[in-house]
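Me: I've just opened this one and I'm new to it. Can we go through it together, one question at a time?

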Amino acid sequence: MTDERLIQAIRRGDETAMARVMDRYARLLWRAAGTALGAVGTDQDVEECVADVFIGLWQNPERFDPGRGSLRTWLALTARSRALDRCRAILRRGDLPLDEDILAGELGLAEAVLAGERRERLLAAVETLEDEERDILLRRYWGEQKPREIAAALALPVKTVENRLYRTKQRLRRILTEQEA
């Protein structure tokens with residue numbers, strides 16, 4: 001059965017058609033959501049994103065427009081979008097345990113960070129960053145993602161990710177230097 005016929009059947013409330021779509025695209029959606037969440041999300045987060053996409057399709061099949069692309073592409077982009085939203089929410093809530101040793105080593109501040117008071121200063125400085133800066137920084141130094149992986153997950157050019165990392169590290173160094181003075 002073609003995707004167009006499956007969507008027509010889903011619009012009529014055909015549960016078998018929905019089951020076929022889920023069987024056909026579940027693995028793709030897991031990869032799309034898992035890649036977008038990277039080291040930030042858990043398997044449960046990925047599962048919830050995938051489930052949200054399928055529930056959304058079932059409840060609102062009219063949102064898919066076959067004139068704009070394939071069902072496969074639409075589902076994958078929707079899963080990626082939901083996963084990025086979830087990733088941002090996780091980072092905003094601060095549910096991630098920041099691995100100070102990795103971050104400190106990469107920033108060239110290992111001694112400062114490992115000293116108790118300075119560690120707290122670094123964490124406080126990281127908290128002052130804008131969401132996007134913090135997201136990129138945590139993905140790189142906590143999630144240990146390469147700039148290429150971060151760029152793919154955030155739909156940014158690799159050079160932009162590298163530049164933002166550089167500027168963010170410089171900003172953190174400046175904040176910590178000012179605090180020590």
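Me: Let's start with a single side chain. Is Glu162 exposed, partly exposed or buried?
Reply: Keep in mind that this is a predicted model. Buried means under 20% relative accessible area, and exposed means over 50%. Glu162 has a relative accessible area of 34%, so Glu162 is partly exposed.

Me: Which residue forms a salt bridge with Glu162?
Reply: Look in helix 10, three residues away from Glu162, about one turn of the helix. The partner there counts as exposed, at 54% relative accessibility. The closest N and O atoms of the pair are 3.9 Å apart, and the partner is Lys159.

Me: How many salt bridges are there?
Reply: In general, side chains of opposite charge can pair when their charged atoms come close. Here the rule is a side-chain nitrogen of Lys or Arg within 4 Å of a carboxyl oxygen of Asp or Glu. By that rule the count is nine.

Me: Which residue meets Glu133 in a salt bridge?
Reply: This pair links distant parts of the chain, with Glu133 in helix 8 and the partner in helix 10, 38 residues apart. Glu133 counts as partly exposed at 21% relative accessibility. The partner is partly exposed too, with a relative accessible area of 25%. N to O, the two side chains are 2.8 Å apart, and the partner is Arg171.

Me: Why is helix 8 largely enclosed by the rest of the structure?
Reply: Helix 8 covers residues 131–141. Its buried residues include Ile136, Leu137 and Leu138, and also Arg134 and Arg140. Helix 8 is largely enclosed because the buried residues number eight of the 11.

Me: Which residue forms a salt bridge with Asp135?
Reply: Asp135 and its partner are four residues apart in helix 8, so they are separated by about one helical turn. Both of them are buried. Their closest N and O atoms are 2.9 Å apart, and the partner is Arg139.

Me: Which residues are linked with Asp45 in a network of salt bridges?
Reply: Asp45 also turns up among the helix 3 residues that touch helix 2. In the network, Asp45 is linked with Glu48, Asp52 and Arg86.

Me: Are helix 2 and helix 3 parallel, antiparallel, perpendicular or oblique to each other?
Reply: Their axes come within 9 Å and cross at roughly 140 degrees. Roughly antiparallel would need an angle over 145 degrees. The two helices are therefore oblique.

Me: How many nonpolar residues are in the contact of helix 2 with helix 3?
Reply: Helix 2 brings residues including Met18, Leu29 and Trp30, and helix 3 brings Val50, Phe54 and Leu57 among them. One residue of the contact is polar and four are charged. The nonpolar ones number 16.

Me: Is the crossing of helix 1 and helix 2 left-handed or right-handed?
Reply: Their axes come within 8 Å and cross at roughly 135 degrees, which makes helix 1 oblique to helix 2. Among the residues that meet are Leu6 and Ile10 in helix 1 and Val21 and Tyr25 in helix 2. For helix 2 and helix 3, the crossing is right-handed. Helix 1, though, passes helix 2 in a crossing that is left-handed.

Me: Last one: is Leu77 buried or exposed?
Reply: Leu77 lies in helix 4, and its C-alpha atom is 9.8 Å from that of Val53. Its relative accessibility is 53%, so Leu77 counts as exposed.

Methods:
Residues are numbered from 1 along each chain as its sequence is written. This is a predicted model: local features need pLDDT of at least 70, side-chain atom pairs count only at pLDDT 80 or more; totals for chains, interfaces and linings use all residues. Side-chain values use heavy atoms; hydrogens and water are left out. Axes are lines fitted to C-alpha atoms, for helices over the stretch in contact, and angles run from 0 to 180 degrees between N-to-C directions. Angles under 35 degrees count as roughly parallel, over 145 as roughly antiparallel, 65 to 115 as roughly perpendicular and the rest as oblique. A crossing is left-handed if the near helix is turned anticlockwise from the far one by less than a right angle, and right-handed if clockwise. Contact means heavy atoms within 4.5 Å. Ala, Val, Leu, Ile, Met, Phe, Trp, Tyr, Cys and Pro count as nonpolar, Asp, Glu, Lys and Arg as charged, and the others, Gly among them, as polar. Buried means under 20% relative accessible area, exposed over 50%, partly exposed in between (1.4 Å probe, protein chains only).
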